[in-house]
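Colleague: I am new to this structure and should like to understand the terms used to describe it. Could we go through them together?

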There are 2 protein chains.
Amino acid sequence: MSASLPVIWLTGLSGSGKTTIAKGLSQRLQQQGLRTAHLDGDTLREGLNNDLGFSDDDRMENVRRAAHVARIMRNGGAVVICSLISPLESMRQLARGIIGEGFIEVYVNCPIEVCMQRDVKGLYAKATAGHIDDFTGIGSEYEPPLEPDIDLNTVEMSVGECVARIEQALSNRTAHS
Amino acid sequence: MSASLPVIWLTGLSGSGKTTIAKGLSQRLQQQGLRTAHLDGDTLREGLNNDLGFSDDDRMENVRRAAHVARIMRNGGAVVICSLISPLESMRQLARGIIGEGFIEVYVNCPIEVCMQRDVKGLYAKATAGHIDDFTGIGSEYEPPLEPDIDLNTVEMSVGECVARIEQALSNRTAHS
């Protein structure tokens with residue numbers, strides 16, 4: 001790893017596979033002897049960010065805080081993996097600015113139709129029935145990343161393949177640093 | 001160390017010696033092979049908490065966020081040392097509630113007259129001249145802890161003695177767990 005440890009930032013719709021990929025990646029990196037920290041949007045909203053809702057302003061603040069915590073933990077010596085919807089380009093840019101060198105934007109790319117079919121948490125059913133305001137992709141916009149460092153098609157790729165793709169990018173980064 | 005790693009929470013006036021003791025303690029624990037994380041109030045206010053001022057509400061939010069970050073880092077395997085003025089009992093109770101088992105409240109006990117004489121950052125001079133509103137001990141209250149786990153008299157004790165006292169308390173904790 002180079003001077004700045006990486007912060008791997010997974011963005012994508014609810015149900016796209018962010019958390020699953022983050023957990024798989026964390027496990028793989030730990031097996032390689034690296035110390036990792038996983039910051040998950042849902043989990044952060046139970047604690048640090050439990051005062052925030054889902055307006056654009058609150059989502060921006062959600063991302064800002066997550067990025068600062070990621071920075072603190074990265075500076076403490078961990079490879080940090082963040083899984084947050086972070087729906088707007090401006091939010092990911094904010095995170096990139098806070099984290100600086102080492103920020104790796106990973107687009108967990110899954111069409112909303114597939115996310116709705118999966119609907120692991122039952123949230124799309126609730127959102128389409130009108131029971132959740134501001135749900136990403138239904139009542140609230142998701143802007144696909146313009147130039148993600150890694151684009152993972154989670155319809156075609158298995159979790160293992162997605163994790164391997166990120167690992168490869170991390171290896172290339174180390175090789176070139 | 002017991003199941004829950006400790007979070008050592010240093011409270012006290014500006015200039016009482018919190019940050020110096022935190023750094024000394026962190027160094028000592030690292031020498032013993034422990035992984036540590038130091039969260040300092042001034043540093044947090046440059047990043048995660050740079051949207052907060054010094055009203056009671058903002059100070060409470062400052063403490064709430066620091067406590068959540070401490071919890072995340074402790075759960076990630078670090079002995080966490082927090083140095084924050086955290087002036088009110090209610091703020092320290094909030095932190096204790098968020099962190100739960102392992103919270104160790106350390107009162108960095110130094111009379112305000114001594115802090116004003118030291119005035120390392122020149123803030124007491126500014127505050128008494130009326131240039132800083134809500135400065136702790138001048139325009140804003142500091143409530144000494146009612147039942148701190150450790151009470152350090154930094155007038156009589158050296159930094160090394162303060163660090164040793166905390167180390168002793170950590171050892172006792174381990175022995176009894």
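**Strands and helices of chain B**

Modeller: Let us begin with one bridge: Leu10(B) has Ser83(B) of β3(B) as its bridge partner. Please bear in mind that this is a predicted model.

Colleague: What makes strand β1 and strand β3 of chain B a pair?

Modeller: Two strands pair if there are at least two bridges between them. Residues 7-11 (β1) and residues 79-83 (β3) of chain B are joined over 4 bridges, in the parallel sense, so the criterion of at least two is met.

Colleague: In what order do the strands of the open sheet lie?

Modeller: The 5 strands of chain B follow the order β2-β3-β1-β4-β5, with parallel pairing. On average, neighbouring strands are turned by 20° against each other, direction ignored.

Colleague: Why are β2 and β5 of chain B called edge strands?

Modeller: β2 (36-40) and β5 (150-153) of chain B each pair on one side only.

Colleague: Which helix lies across β1, β2 and β3 of chain B?

Modeller: That is helix α3 (residues 56-75) of chain B, which runs at about 165° to β3(B). Angles over 145 degrees count as roughly antiparallel, so this term applies to the two.

Colleague: Why are α1(B) and α7(B) called oblique to each other?

Modeller: The axes of α1 (residues 18-31) and α7 (residues 159-176) of chain B cross at roughly 60° and come within 9 Å. An angle from 35 to 65 degrees is oblique; α1(B) and α7(B) are therefore oblique to each other. Their contact includes Leu25(B) of α1(B) and Ile166(B) of α7(B). By class, this contact has 6 nonpolar, 2 polar and 2 charged residues.

Note on methods. Residues numbered from 1 in each chain as written. Chains lettered and ligands numbered in written order. Predicted model: local features only at pLDDT ≥ 70, side-chain atom pairs only at ≥ 80, totals over all residues. Axes fitted to C-alpha atoms, helices over the stretch in contact; angles between N-to-C directions. Parallel < 35°, antiparallel > 145°, perpendicular 65-115°, else oblique. Contact = placed C-beta atoms within 7 Å. Nonpolar A, V, L, I, M, F, W, Y, C, P; charged D, E, K, R; others polar.
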